[in-house]
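Please work through the following exercises with the sequence and the three-dimensional model at hand. Each task is followed by a solution in steps.

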Amino acid sequence: MSGLLRTRLLLGRQTIAWPDGPARLPERFRGRPELHPDRCAAGCRACADGCPTAAIAPAPLALDLGACLFCGRCEEACPAGAVAFSRDFRLAANRRDALLIRDHLPHLAAALDARMRRLFGRSLRLRQVSAGGCNGCEGELNASGNVQFDLSRFGVQFVASPRHADGVVVTGPVSDAMRSALLDTWEATPAPRLLIAVGACAISGGVVADGAVCPGAVQGALPDVPVDLWIPGCPPHPLTVLDGLLRLLGRVEGDRLQLAETGILR
């Protein structure tokens with residue numbers, strides 16, 4: 001017991017300081033891409049040709065965060081540095097078209113209206129549906145609740161039953177085998193409710209966007225249901241998830257980016 005207590009004291013506080021303080025990210029983290037169309041040479045398609053999901057349009061230069069895998073192949077292929085991945089983890093948006101970027105300026109998620117914030121601002125329960133994904137996004141959602149990020153300190157928790165939930169979080173490209181399960185989960189969630197798409201697969205289909213058994217991702221499976229929050233990434237970092245959810249709830253405002261040096265908490 002004394003050894004455990006000593007170790008705990010040596011480790012100190014492990015929960016990140018964000019949003020009250022700077023966020024700490026690993027050195028190899030890739031965040032929001034910054035586009036510099038003025039650096040593009042006429043007729044160059046190097047970045048677009050290197051993208052495995054056709055997320056980049058070369059003329060005029062644009063990038064769809066909803067389809068981006070953050071693999072970095074576009075940055076490596078561009079000879080002029082027109083595409084560069086920053087350390088900005090703030091990627092979530094309220095609208096699908098807001099994920100299409102044409103410059104290096106962020107388009108941050110906005111808060112729900114006053115009524116919805118009164119309902120969910122202090123206590124939000126979510127049911128997650130893995131709709132045919134690879135388990136990458138699911139793993140990062142699990143990590144958002146660990147001691148490093150501690151999503152529950154903001155009153156946000158994942159629950160086992162949709163009947164106890166305030167919203168549904170969808171990961172994966174929504175395969176035919178999971179379409180009815182997702183629909184049943186959505187219908188079992190009491191209104192008013194939120195719909196949140198997490199990861200490139202749920203947003204655009206990702207690498208299987210053209211597959212015969214995954215047509216349309218979330219919007220194809222629930223065509224009449226508006227998505228309240230789009231959280232891109234492959235998979236998104238827990239900080240991206242936290243930032244999107246807290247902005248949606250009005251718990252984080254403004255566009256100031258706080259970043260600490262790279263590395264792990266000590």
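The exercises below concern a predicted model.

**Exercise 1. The surroundings of Ser 86**

Task: Determine where Ser 86 is placed, whether Ser 86 is buried or exposed, and which backbone atoms its side chain meets.

Solution.

Step 1. Locate the residue. Ser 86 belongs to the loop that links β4 (83–85) to β5 (100–101).

Step 2. Classify its accessibility. The relative accessible area of Ser 86 is 13%. Buried means under 20%, so Ser 86 is buried.

Step 3. Examine the polar atoms of the side chain. A polar atom of the Ser 86 side chain lies 2.7 Å from the backbone oxygen of Arg 32. A polar atom of this side chain is also found 3.2 Å from the backbone nitrogen of Asp 88.

Step 4. List the contacts with residues that are not within four places in sequence. These are Phe 29, Arg 30, Gly 31, Arg 32 and Glu 34. Arg 32 thus appears among the contacts of Ser 86 and also supplies the backbone oxygen of Step 3.

**Exercise 2. Salt bridges**

Task: State how many salt bridges the model has, and describe those of Arg 45, Arg 96 and Arg 179.

Solution.

Step 1. Recall the principle. Side chains of opposite charge can pair when their charged atoms come close.

Step 2. Give the count. There are six salt bridges.

Step 3. Consider Arg 45. Its partner is Asp 49, with 3.3 Å between the closest N and O atoms. Arg 45 is partly exposed, at 43% relative accessible area, and Asp 49 is exposed, at 56%.

Step 4. Consider Arg 96. This side chain forms a salt bridge with Asp 64, at 2.8 Å from N to O. Since Arg 96 sits in the loop between β4 and β5 while Asp 64 sits in strand β3 (residues 61–64), the pair ties together parts that are 32 residues apart in sequence. Arg 96 is partly exposed, with a relative accessible area of 21%, whereas Asp 64 is buried, with 17%.

Step 5. Consider Arg 179. Arg 179 and Asp 176 form a salt bridge with an N to O distance of 3.4 Å. Both residues belong to helix α6 (residues 176–188), where they are three residues apart and so separated by about one helical turn. Arg 179 is partly exposed at 21%, and Asp 176 is partly exposed at 42%.

**Exercise 3. Strand β9 and its partners**

Task: Establish how many residues of β9 are buried, and which strands pair with β9.

Solution.

Step 1. Count the buried residues. In strand β9 (residues 194–198), five of five residues are buried.

Step 2. Assign the residues to faces. In a regular strand the side chains alternate between the two faces of the sheet. In β9, Leu 194, Ile 196 and Val 198 lie on one side, Leu 195 and Ala 197 on the other, and both faces are covered.

Step 3. Identify the pairing with β8. Strand β8 (residues 167–171) runs parallel to β9 and is joined to β9 by five bridges. Within this pairing, Val 169 stands opposite Ile 196. The chain passes from β8 through α6 to β9 in a right-handed β-α-β crossover.

Step 4. Identify the pairing with β10. Three bridges connect β9 with strand β10 (residues 229–231), again in the parallel sense. Here Ala 197 faces Trp 230 in β10.

**Exercise 4. The sheet of β2, β3 and β5**

Task: Give the strand order of this open sheet and name its edge strands.

Solution.

Step 1. Read the order. The three strands are arranged as β2-β3-β5, with antiparallel pairing.

Step 2. Find the edges. These are β2 (56–58) and β5, each of which pairs on one side only.

Step 3. Inspect one pairing. Three bridges join β2 and β3 in the antiparallel sense, and Ile 56 has Leu 63 in β3 as its bridge partner.

**Exercise 5. Cysteines**

Task: State how many disulfides are present, and explain why Cys 68 is not bonded to Cys 74.

Solution.

Step 1. Give the count. The structure has zero disulfides.

Step 2. Consider Cys 47. This residue is in no disulfide, and the nearest cysteine sulfur, in Cys 78, is 5.9 Å away. Cys 47 is buried, with a relative accessible area of 7%.

Step 3. Consider Cys 68. The closest cysteine sulfur, that of Cys 74, is 6.0 Å away, which is too far for a bond. A disulfide requires the sulfur atoms to be within 2.5 Å. Cys 68 is buried, at 7%.

Technical notes: Residues numbered from 1 in each chain as written. Predicted model: local features only at pLDDT ≥ 70, side-chain atom pairs only at ≥ 80, totals over all residues. Heavy atoms only, no water. Helix = DSSP H or I, 4+ residues; strand = E, 2+ residues; numbered from the N terminus. Buried < 20%, exposed > 50% of the residue type's maximum accessible area, 1.4 Å probe, protein only. Polar contact = N/O pair within 3.5 Å; in protein donor to acceptor, adjacent residues only side chain to side chain. Contact = heavy atoms within 4.5 Å. Salt bridge = Lys/Arg side-chain N within 4 Å of Asp/Glu carboxyl O. Pairing = 2+ DSSP bridges. Right-handed = clockwise from strand over helix to strand, strands pointing away.
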